[in-house]
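Here's a quick tour for anyone opening this structure for the first time. Keep the viewer handy and follow along topic by topic.

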Amino acid sequence: MPDHQDLGHRDLQNQPDHDHGALSRGDFPPEFTWGVATSSYQIEGATSEGGRGPSIWDTFSATPGRVVDGDNGDVAVEHYRRYQQDADLMAGLGVDAYRFSVAWPRIQPTGSGPVNQAGVDFYSRLVDALLERGITPWATLYHWDLPQPLEDLGGWPSRDTAYRFAEYAAHVADALGDRVKHFITLNEPWCSAFLGYGSGRHAPGRSDGAAALAAAHHLMLGHGLAVQALRERVPDAQVGITLNLYPVTGAHDGHGVDDAVRRIDGLSNRWFLDPVLRGAYPKDVVEDVAHISDLAFVADADLETINAPLDFLGVNYYTRHVVAPGAFPGTGLVEFTDRGLPTTAMGWEVDADGLFDILTRVTRDYGDLPLVMTENGAAFDDEVGADGTVHDPRRIDFLAGHLAAAARAVRAGVPLRGYFAWSLMDNFEWAEGYAKRFGIVHVDFDTQERTVKDSGRWYAAFLAGDRTQY
Ligand SMILES: OC[C@@H]1[C@@H](O)[C@H](O)[C@@H](O)c2nc(CNc3ccccc3)cn21
């Protein structure tokens with residue numbers, strides 16, 4: 001296993017691998033926060049309304065071949081105009097909280113300069129609609145929709161973008177900080193950097209390893225600067241960052257597997273966990289990437305800024321990575337394999353134990369920082385039946401199994417404080433367009449009709465305290 005500096009070993013009791021049986025909200029601490037999550041570009045639509053400027057996802061989805069079926073977020077699920085109806089949906093589910101993201105291009109259409117008051121007013125109305133229904137707003141400042149003019153100036157590989165992000169964070173804090181007390185600076189900098197600038201699979205669609213590493217650094221620098229801006233303006237706020245984390249397991253115990261696990265754990269998890277929570281890049285991974293970049297973009301005080309004290313770490317968990325050395329030993333190439341487990345419509349193996357493993361690992365290796373599951377969910381091909389219902393038993397099984405794993409982690413001593421199901425409703429699934437449905441509420445993308453799926457009814461019953469078998 002990688003050489004982790006053990007910051008505070010906790011005696012995390014081992015638990016049985018599977019404890020099938022009954023599960024209820026009572027298996028979690030009474031103050032545990034239960035919610036649903038979305039993001040601006042995936043649900044709002046109205047991309048040319050209210051003074052909003054273009055984002056890199058507007059540009060990317062308009063580029064032929066980038067998104068399945070040429071889908072884009074122009075309409076999405078019309079949340080910009082249906083937010084009251086959607087707030088009613090959330091109230092009907094009985095959630096405590098709603099994690100949404102603020103679209104930077106609505107607040108600052110060019111990514112800098114004075115705020116667009118119509119954009120501020122929309123999020124102010126949304127926050128008020130939530131509070132009126134007793135739902136606590138959790139605001140993500142950045143969920144991938146970078147204003148296009150900032151990309152034209154260099155995007156996240158450019159240090160200036162980090163400074164623009166901190167200025168944007170200050171504007172959001174000024175506008176919403178009187179009512180919003182939970183902020184997530186970034187959603188998944190790994191995706192923004194490595195899918196956006198490394199593989200090109202996400203906006204802005206660049207394929208440049210050195211640029212991806214610079215983007216990762218400046219995203220994290222922007223995070224640290226934004227934490228300062230939020231703390232100055234909203235001293236009673238709870239502030240965190242969301243990382244998509246993966247337990248990494250060897251496909252077998254043969255030669256080279258341990259190094260394959262170390263490499264992928266390093267690039268997937270520690271490249272972000274270590275700077276944010278320890279104030280240093282992991283030395284072994286710095287060596288792994290030395291042939292791509294000498295990290296010359298790192299300035300002296302950067303890691304101290306990035307290591308800003310947090311109130312929680314958001315964890316997005318979907319599946320485990322299973323790896324083996326690539327075909328050419330010694331090249332560092334790694335193969336991702338599967339175990340033949342059931343998969344979701346995304347092709348991701350369903351592995352609830354992986355949730356327990358990643359939560360206990362983070363607590364064991366990085367200490368007692370409170371954790372919040374800011375995303376967990378599954379895509380399946382749901383259909384509305386003739387009777388108007390949507391039967392999605394696999395999503396119920398997925399949620400129940402992962403909540404049981406979360407309960408096991410809590411019993412093992414993990415300071416888990418909340419869980420947000422991804423997603424409230426079917427929406428624009430990035431490069432997959434509308435072909436992949438993650439919602440616990442079905443959306444007919446032609447009529448915009450919302451239909452609570454069986455999984456939404458199950459989640460509502462769970463939140464109401466019903467005990468559920470699984
Ligand atoms: O793909 C489902 C969700 C997505 O809709 C969210 O906006 C995003 O925060 C999110 N992150 C992951 C995990 N990482 C990931 C890996 C490859 C492609 C897309 C996301 C899954 N999801």
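## A first look

Let's start in a loop: Ala76 sits between helix H2 (56-61) and helix H3 (79-93). Keep in mind that this is a predicted model. From that loop we'll move on to a few helix pairs, then to some backbone spots worth a click.

**Ala76, our starting point**

- Ala76 isn't a glycine, yet its phi is positive, at about 50°.
- Is Ala76 buried or exposed? With a relative accessible area of 5%, Ala76 is buried, since the cut-off for buried is under 20%.

**Helix H7 and its surroundings**

- H7 runs over residues 159-176. Its 18 residues should span 26 Å at 1.5 Å a residue, and the C-alpha atoms at its ends are indeed 26 Å apart, so the two figures agree.
- Plenty of H7 is tucked away: Thr161, Ala162, Phe165, Ala166, Tyr168, Ala169, Ala170, Val172, Ala173 and Leu176 are buried.
- What covers those buried residues? The cover includes helix H4 (104-107), helix H5 (117-132), helix H6 (148-152) and H9, along with strand E4 (136-142) and strand E5 (182-187).

**H7 against H9**

- Helix H9 covers residues 209-233, and its axis comes within 8 Å of the axis of H7, crossing at roughly 25°.
- Angles under 35 degrees count as roughly parallel, and H7 and H9 are therefore roughly parallel to each other.
- The H7 and H9 crossing is right-handed.
- On the H7 side, the residues that meet H9 are Arg159, Ala162, Tyr163, Phe165, Ala166, Ala169, Ala170, Ala173 and Asp174. Their partners in H9 are His218, Leu221, Gly222, His223, Leu225, Ala226, Ala229, Leu230 and Arg233.
- Sorted by class, this contact has twelve nonpolar, three polar and three charged residues.

**H8 against H9**

- H9 also pairs up with helix H8 (residues 189-199): the axes come within 8 Å and cross at roughly 155°.
- Over 145 degrees counts as roughly antiparallel, and that makes H8 roughly antiparallel to H9.
- H8 passes H9 in a right-handed crossing.
- H8 brings Pro189, Ser192, Ala193, Phe194, Tyr197 and Gly198 to the contact, while H9 brings Gly209, Ala211, Ala212, Leu213, Ala215, Ala216 and Leu219.
- How many charged residues does the contact of H8 with H9 have? There are no charged residues in it, just ten nonpolar and three polar ones.

**Helix H14 and its partner H15**

- H14 has 19 residues, and its first and last C-alpha atoms are 27 Å apart, close to the 27 Å expected at 1.5 Å a residue.
- Of those 19 residues, 15 are buried, so H14 is largely enclosed by the rest of the structure.
- The axes of H14 (residues 393-411) and helix H15 (residues 454-463) come within 8 Å, crossing at roughly 30°. That makes H14 roughly parallel to H15.
- Arg395, Ile396, Leu399, Ala400 and Leu403 of H14 make the contact with Asp454, Ser455, Trp458 and Phe462 of H15.
- By class, the contact of H14 with H15 has six nonpolar, one polar and two charged residues.
- Just after H14, look for Gly413, which takes a positive phi of about 110°.

**Two cis peptide bonds**

- Ala203 and Pro204 are joined by a cis peptide bond, with omega at about 5°. You'll find Pro204 in the loop between H8 and H9.
- The bond from Trp422 to Ser423 is cis too, with omega near 10°. Ser423 lies in the loop between E12 and E13.

**More loop residues to click on**

- Gly433 is in the loop between strand E12 (416-422) and strand E13 (441-443). Its relative accessible area is 0%, so Gly433 is buried.
- Leaving out residues up to four places away in sequence, Gly433 touches Val67, Val68, Asp71, Asn427 and Phe428.
- Gln448 is found in the loop between E13 and strand E14 (450-452). Gln448 has a positive phi of about 70° without being a glycine, and at 4% relative accessible area Gln448 is buried.
- Gly254 lies in the loop between strand E7 (248-250) and helix H10 (257-278). Gly254 is partly exposed, with a relative accessible area of 32%.
- Gly254 and Ala324 are 70 residues apart along the chain, and their C-alpha atoms are separated by 8.7 Å.

Definitions and conventions:
Residues numbered from 1 in each chain as written. Predicted model: local features only at pLDDT ≥ 70, side-chain atom pairs only at ≥ 80, totals over all residues. Heavy atoms only, no water. Axes fitted to C-alpha atoms, helices over the stretch in contact; angles between N-to-C directions. Helix = DSSP H or I, 4+ residues; strand = E, 2+ residues; numbered from the N terminus. Parallel < 35°, antiparallel > 145°, perpendicular 65-115°, else oblique. Left-handed = near helix turned anticlockwise from the far one by under 90°. Contact = heavy atoms within 4.5 Å. Nonpolar A, V, L, I, M, F, W, Y, C, P; charged D, E, K, R; others polar. Expected span 1.5 Å × (residues − 1). Buried < 20%, exposed > 50% of the residue type's maximum accessible area, 1.4 Å probe, protein only.
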